[in-house]
Amino acid sequence: MLDKGKSVQAIISEIGTSKTALLPILLAVQDASPAHYVNEAAMNEIAARLKLSRSRVYSTASFYSEISLKPRGRNIVQVCVNAPCENAGKAAIIRALENELTITLGETSADAQFTLEGVNCLGACYLSPAIKVNGRLYGNLTAAAAVDIIRQCREGEAN
Amino acid sequence: MNIRRNGQSDLVFNIEWQGGQTGAQIDLPDYLARGGYQALRRALATDPAQVVQTVKDAGLRGRGGAAFPTGLKMEHVRDNLELERYVICNADEGEPGTFKDRFVMTHLPFQLLEGMTLAAYAVGANRGIIYIRYEYPEAQASIRHSIAAAVEAGLLGDNILGSEFSFHLEIFSGAGSYLCGEETALLSSIEGKKGRPRLKPPYPTQSGLWGKPTLINNVETLANLPAIIGRGAVWYRSLGTADSPGTKLISLSGDVNNRGLFEVPFGVSFREIIESCGGGIKNGRKLKAVNIGGASGVVVPPHELDCRLEYGACAKREITIGSGAVFVLDDTRSILDNVRNRAAFFLHESCGKCTPCREGLRQVNRIIGALCGGAGTASDLAKLERYTRTMQQAAFCGLGQAAGNTLISSLAYFRSEYEAACRDVQPAAKKEGTA
C-alpha cells in the first residue's frame, strides 16, 4: 500500500514508464488517492509522461471494475454478488448494510465515509456470504456481524 | 479441512488446507524438507527437451478450464525459432465458485514457483510473470515474499542452483476483470491495454506477450510440474485414470456440510465428492442440482452425479469440469434465480467487442428478468435457446461461448421450472414445475 497523498509524478518515477507500466500506475494512483479514485488530471498527467494518448489511458482506466473514475468513500465495503454468496444470504447482508449506512448498493455516503459496492466473486465461496472491507475479507457473515464491522470502522476512524 | 485421499495417501499437493484466511503456509524450509526443489535440481542436470517429454508422458492437461495438453503447449513454445520467450502464470482466478489458485498461492507458494521455473527451463524462457487478480491481496503478498526468498536462496534469478540457467519472475496485478482470465485478454492487460481478447490463431505459443512465444498456464497446472518431474510420469499416471491422469483441486461450495478445497484423484464420481468431501447436504435437506465448472459451467440434476470426474466421461455427458468448481443447490433453491445471477454476471463482465455476446447477454437478461417477474411467455423460452446457441457458436472468445452453458443445461434438465414461470403455459405443467 502506497502512502496517501503521494504524487502521480512520484508514483511514475517509482514504477517507471515501460510499456507494461500503465495498469500498475493507475492502481497505485488510486491507492494513493484518499477518495480511492483516479481523476481526469491524473490520467492526463499519466498520458503525458507515458507518451500515450489520453483516450488510451482512459480506455484502460475505464475498463477495469476495480478502478474508479469517481470519488469514493474513505472506507470501501464490497459485497460479493455471485451465486454462492447469493444462496448463502447475500440479500440480508446487503439490506443490513444499506440500513446501517443509509445508502443503497453502488452509492457513497454523503459524508464520504463509506462506499457500498457489489463485486464479482471474491474467491471466498468456502466462507460465503463474504464481504471485503478496505481490502480485508470477512466471511460466514450474519447481518448483525456485517453491521458490527461497519461500527468498528466508524470507531476506528473516530479514535 | 482435510483432503480426502480416496485410498491413495500420496497425491500432488498433499497439504491440509485450512479454512479461513490464516491457514499455515508451507514456507521455504518446510518446502525443502518436503523434498521441494529436488525436481528442479534433477531437471537442470538433464536436457530441457526431456522435461517436456516427461510432461507429455504424464498426460497433464491444463487445469484452468480448457484442458489443453500442457506438454504439447510447452513443445510449441520450445520449438519456436524466436529466442525471446515468456512464461506466464494465469492467476486471475475469476470463475465464480473457484478458490483453488488462491489456496495454492497462499499455502504452497514455492510449489508454484518451482513449477514455473521448471516450465521456463523446459521452454527456454528467462522471464516470467504471475498475473494475480486484484481481489487476492493476500496471494499477491504471499507470492511477493516467496519470490524474494527464492531469489535469496539461489532458486530464482541468475544462475539458478549454480547452473547456466537464469529466470526472473515478477508479479502483475489485475484490476478486476473476469475476462482477463482469457489468455489473450490477459496479454492485452499486461501490455497496458484494456483486457479484450485477440483473435486466435496465432496462439500465444506463437505470438504471445509483445508478439513473442509465450507459455501461459494456470496456477494448478504449473504447481503439478514439480511432482511430475520429481517423481516421473509413471508415478503420476498411477493417480487418476488412463484418460485423465493425476488429481484435480475441487472448490466445493453451496449447500454441503463441509465447504472448502479438496484434492481428489481423477475418476471419483461427483456424488463421491459431494458425499465424502462435502459430508452430504446441509440441514438434512435433499440435493436438487449441482453447478459444475462455475458460472461458465453446467447445472445438472442428481441423476447425472454418477458421472466420473474425467475429461472423456464428462465430455460425453456435456459436463464441463472447467476450473473444478462444484456448487451444490438443495431442494429449496430456485434454478431460475441462480441462472439470473449467472446471466447478470456475464452481462457485467462482457467486454462488448463482439455482437453475439454483447447483445445476446442483454436479451438473455431481459428475458430472464421477465420470467422471474411473472411476465415471461413460452415464446421467450424459444428465444432464450436461440440467443444462447448464437452466443455459443458465434461469440468471439470463450466468455461469450460459455456464457450460456448454465442456461442451456438448466433448460434441458429443469425446463418445468422455466415453464412454471411463463404466464401462458398450462397450469398442469406449472404444478409439476414448482418445487
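A residue counts as buried if 20 or more other C-beta atoms lie within 10 Å of its own, as exposed if 12 or fewer do, and as partly exposed in between. Keep that rule in mind while we tour this structure, which is a predicted model.

**Two residues with positive phi**

Let us try the rule at once. Is B:Asn14 buried, exposed or partly exposed? B:Asn14 has 16 other C-beta atoms within 10 Å, so this residue is partly exposed. B:Asn14 sits in the segment before helix 1 (28-33) of chain B. Its phi is near 50°, a positive value in a residue other than glycine.

B:Tyr37 also has a positive phi, of about 70°, although B:Tyr37 is not a glycine. Look for B:Tyr37 in the loop between helix 1 and helix 2 (38-44) of chain B. With 24 other C-beta atoms within 10 Å, B:Tyr37 is buried, because the cut-off is 20 or more.

**Chain A as a whole**

Chain A holds seven helices and four strands. Starting at the N terminus, the order of its elements is α-α-α-α-β-α-α-β-β-β-α. The C-alpha trace of chain A spans about 50 × 35 × 25 Å along its principal axes. Chain A has 159 residues, and 42% of them count as buried. Take the contacts in chain A with a separation of 6 or more: 59% of these are between residues 24 or more positions apart.

The domain assignment splits chain A into domain 1 (8-63) and domain 2 (75-158). Taken over C-alpha atoms, the centres of domain 1 and domain 2 of chain A are 28 Å apart.

**A helix with a buried face**

Now find helix 4 (residues 54-63) of chain A, where A:Val57, A:Thr60, A:Ala61 and A:Phe63 are buried. Why do these buried residues line one face of helix 4 of chain A? Seen down the helix axis, they fall within an arc of 170°, so one face of the helix carries them. A general rule of helix geometry helps here. An α-helix has 3.6 residues a turn, so residues three or four places apart point the same way.

What do the buried residues of helix 4 of chain A pack against? Their partners are helix 2 (22-32) and helix 3 (40-50) of chain A.

**Two helices crossing in chain B**

In chain B, turn to helix 4 (residues 70-78) and helix 6 (residues 109-123). The axes of these two helices of chain B come within 8 Å and cross at roughly 45°. That angle makes helix 4 of chain B oblique to helix 6 of chain B. On the helix 4 side, B:Met74, B:Val77 and B:Arg78 take part, and they meet B:Ala119, B:Ala122 and B:Val123 in helix 6 of chain B. The residues of this contact divide into five nonpolar, no polar and one charged.

**Domains of chain B**

Chain B is divided into domain 1 (28-237), domain 2 (247-330) and domain 3 (335-433). The centres of domain 2 and domain 3 of chain B, taken over C-alpha atoms, are separated by 23 Å. Where these two domains touch, 11 residues of domain 2 of chain B are in contact with 13 residues of domain 3 of chain B.

On the domain 2 side of this contact, the elements that give two or more residues are strand 7 (287-292) and strand 8 (298-300) of chain B. Strand 8 of chain B supplies the largest share of that side, three residues. By type, the residues on the domain 2 side are seven nonpolar, four polar and no charged.

**Where the chains meet**

How many residues does each chain bring to the contact? Chain A gives 30 residues and chain B gives 40 residues. On the side of chain A that touches chain B, helix 2, helix 4 and helix 5 (83-87) of chain A are the elements that give two or more residues. The residues on this side of chain A divide into 17 nonpolar, 10 polar and three charged.

**Cis peptide bonds**

Finally, here are two cis peptide bonds to look up, with the loop that holds each proline.

| Cis peptide bond | Omega | Place of the proline |
|---|---|---|
| A:Ser128 to A:Pro129 | near 0° | loop between strand 2 (114-119) and strand 3 (131-133) of chain A |
| B:Lys200 to B:Pro201 | near -10° | loop between helix 8 (183-190) and strand 4 (214-218) of chain B |

Conventions
Residues numbered from 1 in each chain as written. Chains lettered and ligands numbered in written order. Predicted model: local features only at pLDDT ≥ 70, side-chain atom pairs only at ≥ 80, totals over all residues. Axes fitted to C-alpha atoms, helices over the stretch in contact; angles between N-to-C directions. Parallel < 35°, antiparallel > 145°, perpendicular 65-115°, else oblique. Contact = placed C-beta atoms within 7 Å. Nonpolar A, V, L, I, M, F, W, Y, C, P; charged D, E, K, R; others polar. Arc of directions from axis to C-beta. Domains from an automatic or database assignment.
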